[in-house]
Amino acid sequence: QVQLVESGGGLVQAGGSLRLSCVASGRTFSWLSMGWFRQVPGKEREFVAGIRSNDGPTYYGDSVKGRFTISRDNTKNTVYLRMNSLKIEDTAVYYCAVDQTGWGTPSGRYGYWGQGTQVTVSS
């Protein structure tokens, strides 16, 4: 089983930036397609970004395209989410997960969810 730990969340002013990190356990990280999701209480979980195994193609939700960038460092078993031009509506708990289909697309079979990291964007 894969264990995921997110970090990097915090409080930031609108227009600012944050970089989230997700560290995966195990020695097979390069074979895993990964995704970032976010969730606000009372709203459906939203796909933010995904990346194919071995630093393949990336995918983004429409609401973050052009502002967020997903990347990975397989030597560190880590996937990142660089968040620029943050908006108040980006406030959410951000989770990383493994796409067991191997594509990192919004329609993937995601599991092995991390605990989440809180991102709060203020005016």
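Student: Along strand β1 (residues 4-7), which side chains point to one face and which to the other?

Tutor: Leu4 and Glu6 point to one face and are buried, whereas Val5 and Ser7 point to the other and are not. Buried means under 20% relative accessible area, exposed over 50% and partly exposed in between, for a 1.4 Å probe and protein chains only. The model is predicted: local features need pLDDT of at least 70, side-chain atom pairs count only at pLDDT 80 or more, and totals for chains, interfaces and linings use all residues. Residues are numbered from 1 along each chain as its sequence is written, and side-chain values use heavy atoms, with hydrogens and water left out.

Student: Why is Arg67 called buried?

Tutor: Its relative accessible area is 11%, and the cut-off is under 20%; therefore Arg67 counts as buried.

Student: What makes β1 and β3 (residues 18-24) a pair?

Tutor: Strands, which are DSSP runs (E, at least two residues) numbered from the N terminus, pair if DSSP finds at least two bridges between them. Four bridges join β1 to β3, so the antiparallel strands qualify. Within this pair, Glu6 stands opposite Cys22.

Student: What makes β7 (68-73) an edge strand in the sheet β1-β3-β8-β7?

Tutor: In this open, antiparallel sheet of four strands, β1 and β7 each pair on one side only. Six bridges join β7 to β8 (residues 78-83), with Ser71 opposite Tyr80.

Student: What makes the approach of Arg67 to Ser85 a polar contact?

Tutor: The Arg67 side chain reaches the backbone oxygen of Ser85 at 3.0 Å. A polar contact is a pair of N or O atoms within 3.5 Å; within protein, one must be able to donate a hydrogen and the other to accept it, and residues adjacent in sequence count only if both atoms are side-chain atoms. The separation therefore meets the distance cut-off.
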